[in-house]
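Hello,

Here is the structure I promised to pass on to you. Please have a look at it first, and then read my notes below.

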Amino acid sequence: METRTEAMPASSATATPLRSLVIAIAGSGGDGVALIGDLLLKMAAHQGLYGILVQSYGPQIRGGESAVVLRIGDREICYEGEDTDVLVCFRASDLKRFKGSLHLHDESQLILEEKDPGALPDWLGTMKKPAFRHPFATWDGDVEVAGEPKNMMALALVCRALGWPESLAQQALAERFSHKPALVERNMPTFRKAYEAPNVPQLLQLKGHGVPLVVETGNEAVARGAMSAGLEFFAGYPITPSSEVMETLIDELPAVGGRVIQAEDEISALGMVVGASFGGVPSMTATSGPGLSLMTEMMGLSSMAEIPTVIVDCQRAGPATGMPSRTEQSDLYHAIYGGHGDFPRAVLGVFDVVHARDVMFRAFELAENYQLPVLVLSDAYVAQRRQIRDGVTDRRDKPRRWRWTPEDAPARFQLSEDQPVNAFRVPGTPGGTYLAAGIEHTEDGNPSADPGVHQRMSEKRFRKLESIAADTRGWVRTFGDPKAAKGIIAWGSSFGMLSEWIETHPEYRVFMPEILHPFPLEAFTEWRKGLDETTTVELSYQGQFHRYLSSLTDMNGVRSFARSGGLPMSMRELDEMLGLSATRKER
Amino acid sequence: MKPKDLRTELLPVWCSGCGDFGVLKGLTQALSDLNVAPEKLAVISGIGCSSRLPGYVKAYSFNTIHGRALPIASGLKTARPELTTVVVGGDGDGFSIGLGHLPHAIRRDINITYIVMDNGIYGLTKGQASPTTELESKRSRGLAGGDEQPLNPVLLVLSAGCGFVARTHAGNMPHMRDMMKQAIEYPGFSFVHVLAGCVTYQPRNYSDLLLQRSYELPVEYDKTDLGAAINAVRDGRFALGVIYKRPLEEVSATAGAASEEEWTPPDAVLKQDLPTE
Ligand SMILES: Cc1ncc(C[n+]2csc(CCOP(=O)(O)OP(=O)(O)O)c2C)c(N)n1
Ligand code: SF4
Ligand SMILES: [Mg+2]
């Protein structure tokens with residue numbers, strides 16, 4: 001959907017193996033660990049290196065432990081990797097909350113506090129290289145006291161080990177704190193002192209292509225993708241992990257003439273979107289599971305009154321409040337089936353940051369063309385990550401709603417065999433007044449309780465899905481050897497892990513739908529031919545995706561690997577599940 | 001355009017004698033007085049007998065879902081400010097299921113007019129108690145909530161900061177026409193409380209009883225005085241007329257402050273990684 005800027009080398013297409021480095025930094029709330037990750041990623045992007053950053057917090061809401069995992073490489077990356085190549089840790093005790101997300105190997109390099117007496121936990125694994133110890137903390141006897149910022153020191157040590165010049169850090173800091181240049185100056189001496197520390201070990205020296213790249217979060221990509229598709233109105237209610245969609249739009253949409261409202265709740269948020277779109281304006285909202293539950297009645301209205309809406313759901317884990325900052329793929333049922341009565345809607349899935357823009361364009365295309373709600377399922381894992389991506393130029397041909405003129409059909413909801421939608425009557429158009437209604441209605445929009453009308457109108461509305469299915473039959477991504485005898489079916493953010501996993505598993509092929517509903521069944525049936533063994537992989541305790549597929553096609557003999565979310569699926573976990581010995585990555 | 005030109009061909013489903021007929025007439029008269037063209041008009045409602053009204057007005061009308069007319073109208077008016085936007089509905093729709101939206105629509109001060117046909121009952125669902133049903137009436141008829149105090153919707157919108165508040169009676173055509181006209185002309189959020197009868201689920205003489213409890217605000221009443229407005233709506237009687245109108249020079253001041261300079265916490269460098277919930 002989007003056009004990449006010409007100057008960009010086709011980095012992801014080259015066959016050379018990925019050279020990458022996984023850097024984990026663990027600290028406590030006040031250590032500024034996230035900032036180190038942010039800056040390193042920025043610096044990588046400046047040099048034309050690719051990367052991804054995921055952040056994880058301890059369970060405490062504020063001030064608890066926090067860690068970032070950052071992976072930098074010379075090709076596009078949308079998976080944070082398996083093993084920790086570099087671990088920076090100010091206190092061994094900070095590590096306990098991150099069990100399962102950090103794994104050392106023989107060549108891992110540790111950077112630790114010189115005086116930290118704590119032992120590293122066993123689950124972390126072991127390495128052969130000696131740890132590098134640095135005096136991060138300031139001590140008064142045995143008591144740690146406030147001192148120079150540890151994050152500046154850590155940043156300097158990692159830069160030095162990577163062979164990155166000081167000027168690169170200075171530039172990244174200056175950009176990050178453009179409104180506070182004095183602050184940067186104040187911190188540079190700390191940076192320099194650590195940068196010049198003796199015996200800093202050397203890490204893999206990665207070389208970028210030199211063309212500066214863009215750092216974007218999943219939520220930013222969703223917001224900007226929507227803007228590039230013609231978004232003019234947004235209403236939302238804050239909720240983790242989707243809030244940055246609204247925050248990005250507050251910063252960027254009014255500047256191009258759009259409007260943003262923070263609503264009093266999600267019912268109102270989607271209500272406002274329905275209202276704005278009733279006015280002919282491309283509109284959307286973004287939320288997470290709890291908000292989607294509240295939006296359900298408005299989804300029905302949007303579909304019934306044939307008003308285009310785009311609803312982004314950044315899925316988080318669990319029902320009710322669940323685990324707000326954790327990822328899961330368990331809103332699939334709700335997206336596809338949620339709501340009372342029969343009504344059509346389309347559901348798309350987001351793979352990663354690069355894909356997010358593309359998906360948003362398609363979402364608006366479907367919503368505007370077919371006048372129904374379109375749900376975009378992102379998740380915490382995509383929403384909250386930062387990813388380095390090629391620059392993009394927006395498409396010029398934005399989706400456009402078919403606007404009614406007096407030459408068009410005399411009724412707003414005219415029944416027709418060959419036309420799934422009617423021209424949209426935009427308020428302000430003389431002669432076009434009509435009644436839109438959530439009540440079942442006749443062709444004119446007038447309320448009706450006639451069972452025949454209800455049947456014919458249901459047929460009319462559901463005919464849209466047939467057209468959408470025809471338009472979107474190619475909206476799938478397949479990879480691996482198409483003749484391989486074993487197959488994996490997955491959706492959404494598993495894309496990053498699987499697209500890398502497949503490189504070391506030539507006996508497999510992978511199928512990932514970009515549209516989940518209506519499901520691209522033809523492509524799926526074609527793809528699965530000749531498979532001896534097939535497995536669905538998803539983060540849902542009930543196996544919603546697997547069960548959904550079972551309702552569409554014969555899934556006998558297909559294995560389901562479904563578990564509740566929390567952490568995203570790793571390659572190691574997938575290997576274990578498939579009964580393959582854990583394969584160590586070559587670097 | 002004459003009032004009848006603002007009517008669609010659809011015949012109202014209301015019981016004969018329903019107070020909502022008067023409201024439909026008063027509204028089309030006011031819109032006619034103001035020369036609002038049908039294509040520049042949006043009439044939005046929720047669900048209820050009263051919420052059927054948009055279907056009878058020639059406009060870009062939208063009969064939405066129970067209690068949700070205000071968010072939908074707020075989105076529409078924000079996206080298409082040039083449209084005259086009127087929201088209509090009942091007491092159950094606006095003061096029960098949809099009440100949560102009301103103070104926020106008022107806070108945003110979006111230029112829409114909200115007309116509530118308060119018949120003190122759920123008409124459409126056949127006579128259950130609404131938030132404005134009188135205690136005595138609930139007790140004598142065995143309706144739910146015989147111990148629950150009724151709500152004072154006018155006091156509520158005043159306290160939420162509504163800039164234009166009027167009350168009228170569905171049987172008094174000239175008064176209704178005038179109140180609606182003034183409300184639509186007001187450049188911010190305006191609220192019109194209409195005392196309406198329900199001939200089916202309220203006593204036959206309910207409309208008259210409402211009228212008996214009503215009085216017109218005297219000419220010397222200062223409608224720009226919020227304190228006076230609050231006093232006028234605190235006793236059990238119904239003051240009719242413009243109860244409160246914020247002086248126009250104060251309207252823009254509340255319509256959203258200019259964005260302030262970007263704020264960053266002083267220890268921004270160290271505290272970048274606090275999670276948000
Ligand atoms: C979510 C939801 N709950 C309940 C209803 C049923 N319902 C329809 S109208 C109504 C109350 C109507 O009362 P009011 O708003 O005062 O309108 P009136 O009929 O009196 O004019 C109710 C409870 C509904 N349509 N939707
Ligand atoms: S039931 Fe009451 S409110 Fe409804 S139409 Fe009849 S009189 Fe009017
Ligand atoms: Mg009522």
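What follows is a short tour of a metal site, a ligand shell and two helix pairs.

Please keep in mind that this is a predicted model.

I would start with the magnesium ion (ligand 3). Its donors are Asp91(B) through OD, Asn119(B) through OD1 and Ile121(B) through O, at 2.1 to 2.2 Å. Along the sequence, these donor residues follow the spacing D-x27-N-x1-I. Are the donors buried or exposed? Asn119(B) has 10% relative accessibility, so it counts as buried, the cut-off being under 20%. Ile121(B), at 2% relative accessibility, counts as buried too.

Asn119(B) also turns up around ligand 2. The other residues there are Trp14(B), Cys15(B), Cys18(B), Cys49(B), Cys198(B), Val199(B), Thr200(B) and Tyr201(B). By type, this shell has seven nonpolar residues, two polar ones and no charged ones.

Now over to chain A and its helices. Helix H1 (residues 33–46) of chain A and helix H3 (residues 166–176) of chain A have axes that come within 9 Å and cross at roughly 115°. This angle is why H1(A) is described as roughly perpendicular to H3(A). Their crossing is right-handed.

In the second pair, the axes of helix H5 (residues 218–228) of chain A and helix H6 (residues 243–252) of chain A come within 8 Å, with a crossing angle of roughly 50°. H5(A) is therefore oblique to H6(A). Here, H5(A) passes H6(A) in a right-handed crossing.

Enjoy exploring it!

Best wishes

Conventions:
Residues numbered from 1 in each chain as written. Chains lettered and ligands numbered in written order. Predicted model: local features only at pLDDT ≥ 70, side-chain atom pairs only at ≥ 80, totals over all residues. Heavy atoms only, no water. Donors = N, O, S within 2.8 Å, 3.2 Å for Na, K, Ca; no water. Buried < 20%, exposed > 50% of the residue type's maximum accessible area, 1.4 Å probe, protein only. Near = heavy atom within 4 Å. Nonpolar A, V, L, I, M, F, W, Y, C, P; charged D, E, K, R; others polar. Axes fitted to C-alpha atoms, helices over the stretch in contact; angles between N-to-C directions. Helix = DSSP H or I, 4+ residues; strand = E, 2+ residues; numbered from the N terminus. Parallel < 35°, antiparallel > 145°, perpendicular 65-115°, else oblique. Left-handed = near helix turned anticlockwise from the far one by under 90°.
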